[in-house]
Structure formats: C-alpha cells, structure tokens
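Let's take a walk through this fold, one sheet and one helix pair at a time. Keep the 3D view open as you read.

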Amino acid sequence: MEADTGVSELPGNLVQPEPRNFQYIKTAVIYGSNASGKTNLIKAMNVVKRNVLRSKRTDEYDAVDRVDPFRLDEDLRDGPTEFEFEVLLGEDRYRYTLHATRDRVIYEHFEHTMESRHSWATVFERPSAESDEITQFGNKYAKKTQQDQVNDTTTATRLMLGAASAANIKHASKLSQWFNSGLAYYDFHRNSRAEEELHRSLGRWLPRNESSEVVQFMKLARQADVGISGVIFESEMPRDPDARQMDLLVGQLDDPNHPARRIADEEEDVLLQYKKWQQWVGELKQETYQSRHAGLRFTHRNEKTGEDIDFALSQESSGTRRFFTLLYLLFRGNEKGQSQTLLIDEFGSSLTPELTHRLIRMAQSPEINRSGTQLIFTTHDRSLLDEPNLLRRDQVWITQKELHGGTDLYRLSDFSAEDIRKDRPWGRQFATGKFGGVPEFGPELDVIPLPTEPQVLPLFEEIRHGKK
C-alpha cells in the first residue's frame, strides 16, 4: 500500500525503494465491524494468487477458483468480480488487472513500467469474452512462439498470466513468482494447519542456523514475558503411542496374509475401496511423522530451584504459539533475503495488546525487519490507535458496510485535519463512530439494562425456604 504524500508524521514507518520517488507503508491495519468486508479484502488478494498459481499448470478446470459474485446487488449478481494489483519488484513495477466470474475469465491486462519511463507499456491484454478482438502482446515482451503457446494453452478458466509464465515470458514469470513466494495469506483462527506448518519450518530453521538472526530471534523470545528460558532442538521427536499404532496398522495392511487384505482381494470393488483407504492411511502416517520431525521443546525456569523444565510446543499457551509464529514470519524474510507481503486475518488473536504493539514495532523496525516485509492485517484491537508513535494516519484503513451490503474502504488520512488530529488518541474517536467502521445495533441490543439487585433463581428460592 502506497503512502499518502499528505502525511508527514512517523517517516520511519515507510520504505522508499531506491531509486524510486514514491514510498510505501510497512504495515497497514484494517478495522471495521463484523461482516463489513475486512476479511474479504485480504482474501480477495489470495484468490488471485490461487488462480495465478494453478494457471501455471495445464490442467482443465470447471470454474475459476473461489470467485464469488456480490449477491446482494441484483446488477452485480451475475457480473464479474474485478481485481487490480500494482506490485514493485526491484526496478520493475507491474499493474495486473483481472475481471472474472465463477464460470470464466472475462478480461486480463498486464502492464509494466520502469523508473526511467513515465508511462505504462502493455505486456499482454486479453480482451473481453464478448469481444471479437484478439489478444494483444507487447512485441518487445514476447516472441511469436511464446505468444502462440500462450494463446494455445489459455482456456476460459485459466489465467493468461499463468499461461504466460509457463511460456517463460520474463515479466509474467517474475510477477507469477511473486504471487507464489512474495504474497502470503494466513487465517490462523480458521486454519490451524498453516500455523503447525510454520512451527515445523521454525523447528528446521533455528537449529541449523547460527547466524545473528537466530541470536536476535531467541533474545526477543526470551524477553516477551511468556516464561520461556530456552529452546531444545530435536531432529526427530519421540513417537507417541498413536504414531506407533499407525505404523503397526500400515504394516498389517501391507501383509498379503492379513484378513482385511484377503477379503479385499476376493472382491474387486472392495479391493478398490481398500486401496483408497490404504493410501489415506499411508498419507496420515506420513503427516503424523512429519508433524514430529524437526521439533522444538521450550524450557521454563523454576525460579525456586533454578531447574529448567522442558515442554512441547503443543503444551504452550495459544498466545505463546501465536507469538512465535508471527515473530518467525518477520524473520523469515530476512533469512531468504526477500521482501514479502503478509496478509493476516485477526492479527492480535490470542495475544495481549502490549505484545501486539511490540510485534508491530518489530515489523516497522529496520533493525529487525531488514527485508522490508510488508504487513497487512485485520483486527478489532483499538488500543493500537491510542498507542503513541505507533501508526500514521495512512496506515489505518476502515471498512464501512454500506446500505446495500457492500464495503466502502478508506483510511484515516482521507479525513480533513479538522476531523482528525495526529496528536490525539484516535481510538476514543473511533469508538464514538466518528470515522465509521463500528456496528449500529438495534434498540434491544443497544441498551441492555443491568439489574440493581442479585438475581434469585426459583429453584434456589425453593431450597432456601425448605421446600426441597
């Protein structure tokens, strides 16, 4: 997200890629009431990513992946969803536009520019599905053989960007690679497996790396007041009884003399189901093994005895696990030497506000976030708005639910200086509804009277009077 040139406070919260003459914000926080569209905003970016990556393959698909129409508006119900990205990668800046319904891609336009140029040049343009026009390529971007390959492999549900990347068109490959490794979406409260995979990755990174990155990571972890005094690395953690039983089960199914195998061999349809079941068991076994491979155990100091007691990661609180997850995401960009854009839904979930504040400061610190990784997240934690010197006005975005159910997106810097002052706590103003983004309750929810006397339940009243 690009910085607002009219905002001057906290310049350290910006990144200015050389030799560009513009700046982008390091972090962006998105507020809004429930069902106002916060999550849909960042999920939409992930929808484009999913379609770009699968379009690099030549598989046939019945539909464009996860493109859902806006059904609350009758004019938009059958119309296309429109997406647009502007991405800076080194000296190259790209603009990618996509219009699609669930049934087909309607339009694509991919443009490129560099600092020395003042206008955009078309890499390719896929015309509207209803148009008689043919795809236009920028001659300097694609050879005739590449153009032919893209035209031959692009289908109604396959993005031309993915097909162009598969044809090794340079700029298409570069942008496609960014979608693959430079853009990451996480909704840990809905998808716990994503967090578990990051923990496994962390378990492989920490013991194999003796760099200053790991030293700094562990120093921050010890100072987070979550009780951790150290880490024990295990290349392969002990198998639990369930894992051993899984080994035994798979071994029995591989035995041709096992009763289940003999029955399956006698009936063809049973054999088919058996093979599918055996494959599933094998995959589950492998997943069970991988979840214990390259594990971490954390030590906690008994202050009375000085003894360090170790605990498995699964025994730590959800807040501790989430802190390690988010901290690792910030350091992972440094490890790879690559700036990423992280999209995180409900960023502060399971964390204290104080720890959330510090994670955001880490994301904005050039000493910690050396790769310039950009963090875009949703939250309901308004304490961030009252924390001094944490956020600029152009870092705070708000989703407001419109009358017809749509979403209006804007930022605090869109308000005039008379409406918002940079030296005043914004959280209190936000709570009053001054900036929108807060729920409007019905009368029975808006004012719920509180009793002035203790409540006496009938059963207890009867017991008190000796009736039971």
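Start with one residue pair: Gly-32 has Thr-399 in strand 15 as its bridge partner. That pair belongs to a parallel match, since strand 3 and strand 15 run parallel and are joined by 4 bridges. Bear in mind that what you're looking at is a predicted model.

Now zoom out to the sheet around that pair. It's an open sheet of 6 strands with mixed pairing, and the order across it is 9-13-14-3-15-16. At its edges sit strand 9 (183–186) and strand 16 (407–411), each pairing on one side only. From one strand to its neighbour the turn averages 15°, if you ignore direction.

For another parallel pairing, look at strand 13 (residues 341–344) and strand 14 (residues 374–378), which share 4 bridges. Here Thr-341 stands opposite Gln-374 in strand 14. Lying against this sheet is helix 1 (residues 38–54), which touches strand 3 (27–32), strand 9, strand 13, strand 14, strand 15 (396–401) and strand 16. The direction of helix 1 makes about 135° with that of strand 9.

The antiparallel part of the mix shows up where strand 15 meets strand 16, with 5 bridges between them. Gln-400 faces Asp-408 of strand 16 there. These two strands form a hairpin with 5 residues between them, and in that hairpin Gly-405 takes a positive phi near 95°.

Next, find the other sheet. This one is open too, with 5 strands in the order 4-5-6-7-8, and its pairing is antiparallel. Strand 4 (81–89) and strand 8 (136–137) are at the edges with a single partner strand each, so one side of each has no neighbour in the sheet. Further in, strand 5 (residues 92–100) and strand 6 (residues 105–114) pair antiparallel over 9 bridges. If you want a landmark in that stretch, Thr-97 has His-109 in strand 6 as its bridge partner. Helix 4 (residues 170–182) packs on this sheet, in touch with strand 4, strand 5 and strand 6, and its direction makes about 100° with that of strand 4.

Then there are the helix pairs. How do helix 10 and helix 11 run relative to each other? Helix 10 (residues 318–336) and helix 11 (residues 353–364) pack at about 10°, with axes 10 Å apart, and they therefore count as roughly parallel. Phe-323, Leu-326, Leu-327 and Leu-330 of helix 10 meet Leu-355, Leu-359, Met-362 and Ala-363 of helix 11. By class, this contact has 8 nonpolar residues, no polar ones and no charged ones.

Helix 10 also packs with helix 6 (residues 212–222): their axes come within 11 Å and cross at roughly 160°, which makes the two roughly antiparallel. The crossing of helix 6 and helix 10 is right-handed. On the helix 6 side you'll find Glu-213, Gln-216, Phe-217, Leu-220 and Ala-221, while helix 10 brings Phe-323, Phe-324, Leu-327, Tyr-328, Phe-331 and Asn-334. This contact divides into 8 nonpolar, 2 polar and 1 charged residues.

Last, a word on confidence. The chain has a mean pLDDT of 84, and 83% of its residues reach 70 or more. Over residues 287–294, though, pLDDT is below 50, and that stretch has 19 contacts in the model beyond near neighbours in sequence. Residues 237–244 also stay under 50, with 11 contacts beyond four places in sequence.

Key
Residues are numbered from 1 along each chain as its sequence is written. This is a predicted model: local features need pLDDT of at least 70, side-chain atom pairs count only at pLDDT 80 or more; totals for chains, interfaces and linings use all residues. Side-chain values use heavy atoms; hydrogens and water are left out. Two strands pair if DSSP finds at least two bridges between them. Contact means heavy atoms within 4.5 Å. Axes are lines fitted to C-alpha atoms, for helices over the stretch in contact, and angles run from 0 to 180 degrees between N-to-C directions. pLDDT is the predictor's confidence in each residue, from 0 to 100. Angles under 35 degrees count as roughly parallel, over 145 as roughly antiparallel, 65 to 115 as roughly perpendicular and the rest as oblique. Ala, Val, Leu, Ile, Met, Phe, Trp, Tyr, Cys and Pro count as nonpolar, Asp, Glu, Lys and Arg as charged, and the others, Gly among them, as polar. A crossing is left-handed if the near helix is turned anticlockwise from the far one by less than a right angle, and right-handed if clockwise.
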